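Thanks for coming. I will go through one structure today, chain by chain and then across the contact.

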Amino acid sequence: MNTPVAAAATTGHLPPDVLLDYWLHDSDEATTERVDAHLMECDACGHALDELVALGEGIRSAFRAGVVSTVVPAPFVQHLAAQGLRLREYRVPPGGSVNCTVAPDDDVLVSRMEVPLAGVQRLDAVLEISTEPGVRHELHDLPFDSRAGEVLHLYRMAQMKRLPDHTARLTLLAVEPDGRRELGRYTFHHRAWPGG
Amino acid sequence: MTADTAAATLAETPEARAARQIASAPPGEARAAEAELYRLLAPRLRRFGQRHLRDAHAAADLAQHVMVLTIEQLRDGRLREPERVLSFVLGACRLTVQHQRRGERRREELLQLHADAVPYADLSAGIHAGPRLDHQRVADCLERLPERERAVLVLSFYDDQPSEAVGAQLGLTAGNVRVIRHRGIDKLRRCVQQGDGVRRAAA
């Protein structure tokens, strides 16, 4: 029984999660047809769907504009490359460092941090940047695939293109019952693009 | 609700009233009712088209085709129960999507045959567009989300991926992804609304 859709018979409206699943093709055929029929009659739910779609478009636009940083899986990065985006990738082993930069026509900047993830239940990170002495940026509950052996981080490209020379250090930490255990430390020596 | 009550309720909807007026008038002379029916149905047809065809232009084509077909049927008296116009429209949408996916050309022939008879044929221009958001505001709100929720939202919405596809990339079940996605989008919506980052798109 499709309880959320049945709930519409009581409340008159569809819950946001039902609309979201419907929009992203996550509802089964019967539910999809019921939502189709409901949206053909209910403008309130139609407007609610429009708001969700607008949020999705906002997420897509923000990502394409390079104003979002996020951890992503390798297949997603491959997908971006297949779409023709200009990728700049830096692969760093645990304890390693890399000289890096960003060109004006780069679209995506990815750091690929090799890290042993077997047995890790939850992953945090701490980011320190030389332009902000003493400041530790905490990143909590990073998504990861324990089979991947690496963590890929996409940076805010729009911001990166404006940054001066600096050094960034990111530490990956396994969160365990009795505290956090360091998995790896990665150093990025960033140089601004000449003439940029 | 009894069957009689349901039927009476159906007959009193604005769509049913407009459809009856079109069906009872000489063909082409119920312009106000036709315009009202268009105003009510066009956004709903657009949404259906975007959901099932994933393309704004194809959605506009679908809306135009179904509107023309519906008006034609009502004018000619071929819709035996005008108050059930929504059922007819829904069925027409589904058939149109099926035909479109099979590469049928009938819709273009119908548009060419009847486009001049329907003064508001350019539905792509008249269809209500959804709200547009300030992407910097969305980005600021995205940055406030936990890393896992942000990643799930980006992966889900960059290419409108279902939960199974996102889960396969992140080592999560589809169910986990949906829970994280729902939580994240709810937080994002609240944050964006608090920041008043919505501006309505021009019609």
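Reading chain B from the N terminus, the order of elements is α-α-α-α-α-α-α-β-α-α-α-α-β. That gives 11 helices and two strands for this chain. Before going further: this is a predicted model, and everything I say about it should be heard that way.

Chain B has 203 residues, and 51% of them count as buried. As for its internal contacts, take those between residues at least 6 apart in sequence; 67% of these join residues at least 24 apart.

One backbone detail in chain B. Arg54(B) is not a glycine, yet it has a positive phi of about 60°. Where does Arg54(B) sit? It lies in the loop between helix H3, residues 31–53, and helix H4, residues 56–75, of chain B. Its relative accessibility is 31%, so Arg54(B) counts as partly exposed.

Now the contact with chain A. Chain A contributes 56 residues to it and chain B contributes 52 residues. The size of an interface is often given as the accessible area lost when the parts come together. Here, chain A and chain B bury about 5100 Å² between them, and 60% of that area is on carbon and sulfur atoms.

How many salt bridges are there between chain A and chain B? The count is eight. One of these contacts is between the side chains of Asp43(A) and Arg44(B), with 2.8 Å from N to O. Polar contacts across the interface of chain A and chain B come to 22 residue pairs, counting pairs with both residues at pLDDT 80 or more.

Which elements of chain A give two or more residues to the side that touches chain B? They are H2, helix H3 (29–39), helix H4 (43–64), strand S1 (70–72) and helix H5 (74–82) of chain A. The largest share of that side, 17 residues, comes from H4(A). By residue class, the side of chain A that touches chain B divides into 28 nonpolar, 13 polar and 15 charged residues.

H2(A) deserves a closer look. This helix covers residues 16–23 of chain A and is mostly covered, with six of its eight residues buried. The buried ones are Val18(A), Leu19(A), Leu20(A), Asp21(A), Tyr22(A) and Trp23(A). So that list includes a residue with a carboxylate side chain, Asp21(A), since "buried" here means under 20% relative accessible area. Just after H2(A), His25(A) takes a positive phi of about 60°.

On to the strands of chain A. Start with S9(A), residues 179–190. Strand S8(A), residues 166–176, pairs with S9(A) in the antiparallel sense over 11 bridges. A hairpin of two residues joins S8(A) to S9(A). In this pairing, Leu170(A) has Tyr186(A) as its bridge partner in S9(A). S9(A) also pairs with strand S3(A), residues 97–100, this time in the parallel sense and over four bridges. There, the bridge partner of Val98(A) is Phe188(A) in S9(A).

S8(A) also has S5(A) as a partner: seven bridges join the two, and they run antiparallel. Which residue of S8(A) stands opposite Leu127(A)? That is Leu170(A), the residue we just met as the bridge partner of Tyr186(A). S5(A) pairs with strand S6(A), residues 137–139, as well, in the antiparallel sense over three bridges. In that pairing Val126(A) stands opposite Glu138(A). In a regular strand the side chains alternate between the two faces of the sheet. As for exposure, S5(A) is mostly covered, with five of its seven residues buried.

Two loop positions in chain A remain. Gly119(A) lies in the loop between strand S4 (108–114) and strand S5 (123–129) of chain A. Is Gly119(A) buried or exposed? Its relative accessible area is 66%, so Gly119(A) is exposed. The C-alpha atoms of Gly119(A) and Ala37(A) are separated by 47 Å, and the two residues are 82 residues apart along the chain.

The other position is Asp141(A), which is not a glycine and has a positive phi of about 55°. Asp141(A) is in the loop between S6 and strand S7 (150–154) of chain A.

That is what I have for today.

Definitions and conventions
Residues numbered from 1 in each chain as written. Chains lettered and ligands numbered in written order. Predicted model: local features only at pLDDT ≥ 70, side-chain atom pairs only at ≥ 80, totals over all residues. Heavy atoms only, no water. Buried < 20%, exposed > 50% of the residue type's maximum accessible area, 1.4 Å probe, protein only. Pairing = 2+ DSSP bridges. Contact = heavy atoms within 4.5 Å. Buried area = accessible area lost by both parts, 1.4 Å probe. Salt bridge = Lys/Arg side-chain N within 4 Å of Asp/Glu carboxyl O. Polar contact = N/O pair within 3.5 Å; in protein donor to acceptor, adjacent residues only side chain to side chain. Nonpolar A, V, L, I, M, F, W, Y, C, P; charged D, E, K, R; others polar.
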